[in-house]
Amino acid sequence: MDDPGQLSEYGKILIIILVGIFLVAMTIMAGRMLSVNKPTPQKLSTYECGEDAVGSSWVQFNPRFYVIALIFLLFDVELIFIFPWATVFGQAEYIAADGRWGWFTLIEMALFVGILIIGLIFVWVKGDLEWVKPIHQRPKVNVSIPSTAYDGLNQATYPLRAYTVQLDDKATAEKANEEMPVAPKIAFKSRFKKPGATS
């Protein structure tokens, strides 16, 4: 740094940070001064994705949300490293200087993507990408009844009963007919005119 009047690189970074803080503070202050403030119970109530909050917030949180979000961020952020690689790989000066440069960068990215694919396969095999992990097991109840008794009940054939009511005599048939509810008469019947009809 020959000229003391010039800013150092750290001074430039400090100016960028101060300008950023100033701009954020000014937008927050302008938002508070210009916005209309009319709070209502509906505006002050908490909501999640447009739905009203129901019950207590101290509930069991499904950890699958957290695991899937972490996996997504991991593979999403790793893609950022491909952009600088593509920028450097596309420079003709490096390739013209040494022909092996292109092969070196291609092998390097193949290793990087290969490690990502191995990580994805590991997560997939482990089952962290599955939303619901069903556990297939037969229910077991500790009872003193032997299982042969259940087998005998399950394998036996039982006669089926007729569920229709059999009316033997005329008196019960007439009584059943009297007890049948009569459908009410329709008080209003709509009348539609046919197209082209005069009356």
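**A walk through a predicted helical chain**

Let's start with Ile-68, a residue that is partly exposed, its relative accessible area being 32%. Three classes are used here (buried means under 20% relative accessible area, exposed over 50%, and partly exposed in between, with a 1.4 Å probe and protein chains only). Ile-68 has its place in helix 3, and that helix also holds Ile-71. Ile-71, at a relative accessible area of 11%, is buried.

Before going further, a word on the model. It is a predicted one, in which local features need pLDDT of at least 70 and side-chain atom pairs count only at pLDDT 80 or more, while totals for chains, interfaces and linings use all residues. Residue numbers run from 1 along each chain as its sequence is written, and side-chain values rest on heavy atoms, with hydrogens and water left out.

Both isoleucines of helix 3 have a partner from much later in the sequence to look at. For Ile-68 that partner is Trp-131: the two are 63 residues apart along the chain, and their C-alpha atoms are separated by 8.8 Å. For Ile-71 take Leu-129, which is 58 residues away in sequence and 8.6 Å away in space, C-alpha to C-alpha.

Now zoom out to the fold. The protein chain has 8 helices and 2 strands, where helices (H or I, at least four residues) and strands (E, at least two) are DSSP runs numbered from the N terminus. Along the sequence, the elements follow the pattern α-α-β-β-α-α-α-α-α-α. The chain has 199 residues, of which 6% count as buried; Ile-71 is buried, as we saw.

How confident is the predictor? The average pLDDT of the protein chain is 77, and 73% of the residues score at least 70; pLDDT is the predictor's confidence in each residue, on a scale from 0 to 100. Among the elements, helix 1 (residues 9-34) has the highest mean pLDDT at 93, and helix 8 (residues 170-179) has the lowest at 60.

Helix 1 is also where we meet a charged contact. Side chains of opposite charge can pair when their charged atoms come close. A search of the whole structure finds 1 salt bridge, the term standing for a side-chain nitrogen of Lys or Arg within 4 Å of a carboxyl oxygen of Asp or Glu. The side chains that meet in this salt bridge are those of Lys-12 and Glu-9, at 3.5 Å from N to O. Because Lys-12 and Glu-9 are 3 residues apart in helix 1, about one helical turn separates them. Lys-12 is partly exposed, with 41% relative accessible area, whereas Glu-9 is exposed, with 56%.

Our last stop is aromatic. The whole structure yields 1 aromatic pair. Phe-81 and Phe-112 form this edge-to-face pair, with 6.3 Å from centre to centre and 80 degrees between the planes. The pair links distant parts of the chain, 31 residues apart: Phe-81 sits in the loop between helix 3 (63-78) and helix 4 (82-89), and Phe-112 in helix 6 (residues 100-126). As for the cut-offs, rings of Phe, Tyr and Trp (its six-membered ring) pair if their centres lie within 6.5 Å; planes under 30 degrees apart count as stacked, over 60 as edge-to-face and the rest as tilted. Phe-81 is partly exposed, with a relative accessible area of 48%, and Phe-112 also counts as partly exposed, at 23%.
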